[in-house]
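Please open the model in a viewer and keep the sequence panel visible. The tour below goes from one selection to the next and says what is there.

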Protein chains: 2
Amino acid sequence: MEETRTRSGAGRAALRAAAAEAVPPSALEIVRTRSLSSLVAQELERMILAGTLAAGERLNEQSLATRLGVSRGPVREAVRGLERSGLVVAVRNQGSYVRQVSAEEALEIYDLRAAITGLACARLAEAATPAQLGALRALVKRMDEARRAEDAPAYYATNLDFHAALLAHGAGPRTRRLYEELGNELHLFRRRALVEAENMRESNAEHAAMLRAIAAGDAEAARKAGETHIAGGKRRFRATDITTPQPAASKGENGHDAGDPSSPPRPVAGRRGAGRGPRGAA
Amino acid sequence: MEETRTRSGAGRAALRAAAAEAVPPSALEIVRTRSLSSLVAQELERMILAGTLAAGERLNEQSLATRLGVSRGPVREAVRGLERSGLVVAVRNQGSYVRQVSAEEALEIYDLRAAITGLACARLAEAATPAQLGALRALVKRMDEARRAEDAPAYYATNLDFHAALLAHGAGPRTRRLYEELGNELHLFRRRALVEAENMRESNAEHAAMLRAIAAGDAEAARKAGETHIAGGKRRFRATDITTPQPAASKGENGHDAGDPSSPPRPVAGRRGAGRGPRGAA
DNA sequence: CGACTGTCATCTGTCAACAGTTTGCGGCCG
DNA sequence: CGGCCGCAAACTGTTGACAGATGACAGTCG
């Protein structure tokens, strides 16, 4: 394809249309507010979380730019942002790769989410309104119905709503953003399906326990119930993932210090250039 | 020079040899490893945290580029990264500003750090080695000496070491990074001096309590002690900052939902362009 | 004397081009 | 026949240049 750098206007229009689809309120208005870089970043993040860009995959700037109908500049800026967010890792003169989250990191993220959920539950136990409690109860009830009907997708969706409501009422905006970012990182685990796997009965029983403690105004119990719930998810996650190194015995030296925080630049699958291969082939 | 792309093989070997030899210090070698964008980002972050770029200050891309001796491209990429990190906020066609952290956000960050510290303490209570315990004890002892000598700077530095050691032994790399980022954000509070203000006696007593619980292997008590310590810092912070809205009475509706997560683009002080004024005037 | 509008300089957003490096493939020598 | 060298291509890193927008000053009208 030779349209690499010819008509950028058409491509941009395409991007605008794609971006406008998901947002009913205004059309070209968002373009006046958001810069191309941010739109590209949003789109890349969506692609990564949706799996269109798989974990470990290499990001070709030129290809992405052409695909989105923009120049390489905005793409580079967006990738830099995503790098800071921890969604991609970059190696100089080599390229950027969608980050791969190891099992250890996934478990660590579970711990963080547990702490945050516990924090929100404790806050909620101290200052929850009857309306908020009612909303949470309704969500638990909906999950129970989904569980009875064995409707896993519905349960999963409502579960997300429940946790979102928990954070919305019991935590500030910064905490919510952090929780969301951690959730996104969890999606980069090599087998993301594990993240969504849940034992509905066990899980919802824990939800109910959290709610009871919150309603009782027992901050300490609520915090613990929240932490336990996420720890349960972590346990179910670990039980499913056979390759996870169970820390079982070695309690002495918890060698957290080893290794890089982000996964190394291992090229993984996928070749880079086609060498001197025929470039005109269509 | 016409040798642009002639002997890449020999040049490569030579460069590799040079790279292998000149490992210890840092020369122009870092430039070969890190990209300009990352270096600029690092420098900007340093400037922001050091106060060279004050909170609310506007970032002029051209000025920064000239000052750092690079083009605007790397600067823009770096700023995008810092924007994702939450250190700056950007408004389209208007510029980027060093983020201003409100009192509410600062308090929220304190809560998050408390949860993280509690997590690390609990982990440590379950799996701390005698060597780690000894190191922590030594730090507490050093702080006590600094307190007796009323050497606030020394106390502050050792306090940082103590918390760093806590995280290094009791948490994973992701947790440590998060803790550091939250600390950086705290530095963006309008009166950053408050963050560093500590009641040395009270603070170190809490350190000792944390250590006791960890040594006793009581994870729950250790977690609580860690949380209490940061909560104490939060309390001291709030007591000093008179403008903080004490949530005292209104327990009913905790309206966390209001407002943007990041401070608005308020232009704050500092004019932008000089208009059509005489530019040559000295 | 106050409010409004026109004009302009500065800055950001974006694009296109240049330079350097890494990498794969083909050929050559041992 | 295997390993090494050299070439070539693609890709990233960086720079410079161009358009659009923003904000402010200055003149003018009510």
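The stops run from one whole chain to the contact between chains, and then to single residues.

**Stop 1: chain A as a whole**

Select chain A and show it as a cartoon. Keep in mind that this is a predicted model. The secondary structure of chain A amounts to 12 helices and 3 strands. Of the 282 residues in chain A, 45% are buried. Switch on a surface for chain A: its accessible area is about 14600 Å², and carbon and sulfur atoms account for 53% of that. Contacts within chain A can also be sorted by distance along the sequence. Taking those between residues at least 6 apart in sequence, 74% join residues at least 24 apart.

**Stop 2: the contact between chain A and chain B**

Now show chain B as well, and select the residues of each chain that touch the other. The selection should hold 54 residues from chain A and 54 residues from chain B. The size of an interface is often given as the accessible area lost when the parts come together. Here chain A and chain B bury about 4600 Å² between them, with 46% of it on carbon and sulfur atoms. Which three residues of chain A supply more of the area that chain A buries against chain B than any other three? Select Arg84(A), Arg92(A) and Arg174(A), which together give 16% of that area.

Next, look at polar pairs across the contact. There are 22 residue pairs in polar contact between chain A and chain B, counting pairs with both residues at pLDDT 80 or more. Colour chain A by helix to see where its side of the contact comes from. The elements that give two or more residues to it are α2 (29–33), α3 (36–50), α5 (72–85), α6 (103–126), α8 (152–170), α9 (173–186) and α12 (219–240) of chain A. Among these, α6(A) gives the most, with 9 residues. By residue type, the side of chain A that touches chain B has 16 nonpolar, 14 polar and 24 charged residues.

**Stop 3: Glu45(B) and its partner in chain A**

Select Glu45(B), in helix α3 (residues 36–50) of chain B. Is Glu45(B) buried or exposed? Its relative accessibility is 17%, so Glu45(B) counts as buried. Draw a distance from its side chain to that of Arg84(A): the two are joined by a polar contact of 2.9 Å. Apart from neighbours within four places in sequence, Glu45(B) is in contact with Arg84(A), Leu82(B), Leu87(B) and Asn184(B). Arg84(A) is also one of the three arginines picked out at the previous stop.

**Stop 4: the α5 helices**

The search for salt bridges finds 46 over all chains of the structure, and the count between chain A and chain B is 14. Start with Glu77(A) and Arg76(B), which form a salt bridge with their closest N and O atoms 2.7 Å apart. Glu77(A) lies in helix α5 of chain A and Arg76(B) in helix α5 (residues 72–85) of chain B, so this pair joins two chains. Glu77(A) is buried, at 9% relative accessibility, whereas Arg76(B) is partly exposed, at 22%. Now swap the chain letters and select Glu77(B) with Arg76(A). These also form a salt bridge, with the closest N and O atoms 2.7 Å apart.

**Stop 5: the α12 helices**

Select Glu220(A) and Arg223(A). Their side chains meet in a salt bridge of 3.2 Å, N to O. Both lie in helix α12 of chain A, 3 residues apart, about one turn of the helix. Arg223(A) is buried, with a relative accessible area of 4%, while Glu220(A) is partly exposed, at 32%.

Which residue of chain B meets Glu220(A) in a salt bridge? Add Arg223(B) to the selection: the distance is 2.8 Å, N to O. Glu220(A) lies in helix α12 of chain A and Arg223(B) in helix α12 (residues 219–240) of chain B, so this pair joins two chains. Arg223(B) is buried, at 3% relative accessibility. Widen the selection to Glu220, Arg223, Lys224 and Glu227 in both chain A and chain B: salt bridges that share partners join these residues into one network.

**Stop 6: Glu145(A)**

Finally, select Glu145(A), in helix α7 (residues 130–148) of chain A. Glu145(A) is partly exposed, with a relative accessible area of 44%. Set a C-alpha to C-alpha distance from Glu145(A) to Tyr155(A): they are 10 residues apart in sequence and 8.4 Å apart in space.

Technical notes. Residues are numbered from 1 along each chain as its sequence is written. Chains are lettered from A and ligands numbered from 1 in the order in which they are written. This is a predicted model: local features need pLDDT of at least 70, side-chain atom pairs count only at pLDDT 80 or more; totals for chains, interfaces and linings use all residues. Side-chain values use heavy atoms; hydrogens and water are left out. Contact means heavy atoms within 4.5 Å. Buried area is the accessible area (1.4 Å probe) that two parts lose on being put together, summed over both. A salt bridge is a side-chain nitrogen of Lys or Arg within 4 Å of a carboxyl oxygen of Asp or Glu. A polar contact is a pair of N or O atoms within 3.5 Å; within protein, one must be able to donate a hydrogen and the other to accept it, and residues adjacent in sequence count only if both atoms are side-chain atoms. Helices (H or I, at least four residues) and strands (E, at least two) are DSSP runs, numbered from the N terminus. Ala, Val, Leu, Ile, Met, Phe, Trp, Tyr, Cys and Pro count as nonpolar, Asp, Glu, Lys and Arg as charged, and the others, Gly among them, as polar. Buried means under 20% relative accessible area, exposed over 50%, partly exposed in between (1.4 Å probe, protein chains only). Accessible areas come from the Shrake-Rupley method with a 1.4 Å probe; for residues, only the protein chains shown count as cover.
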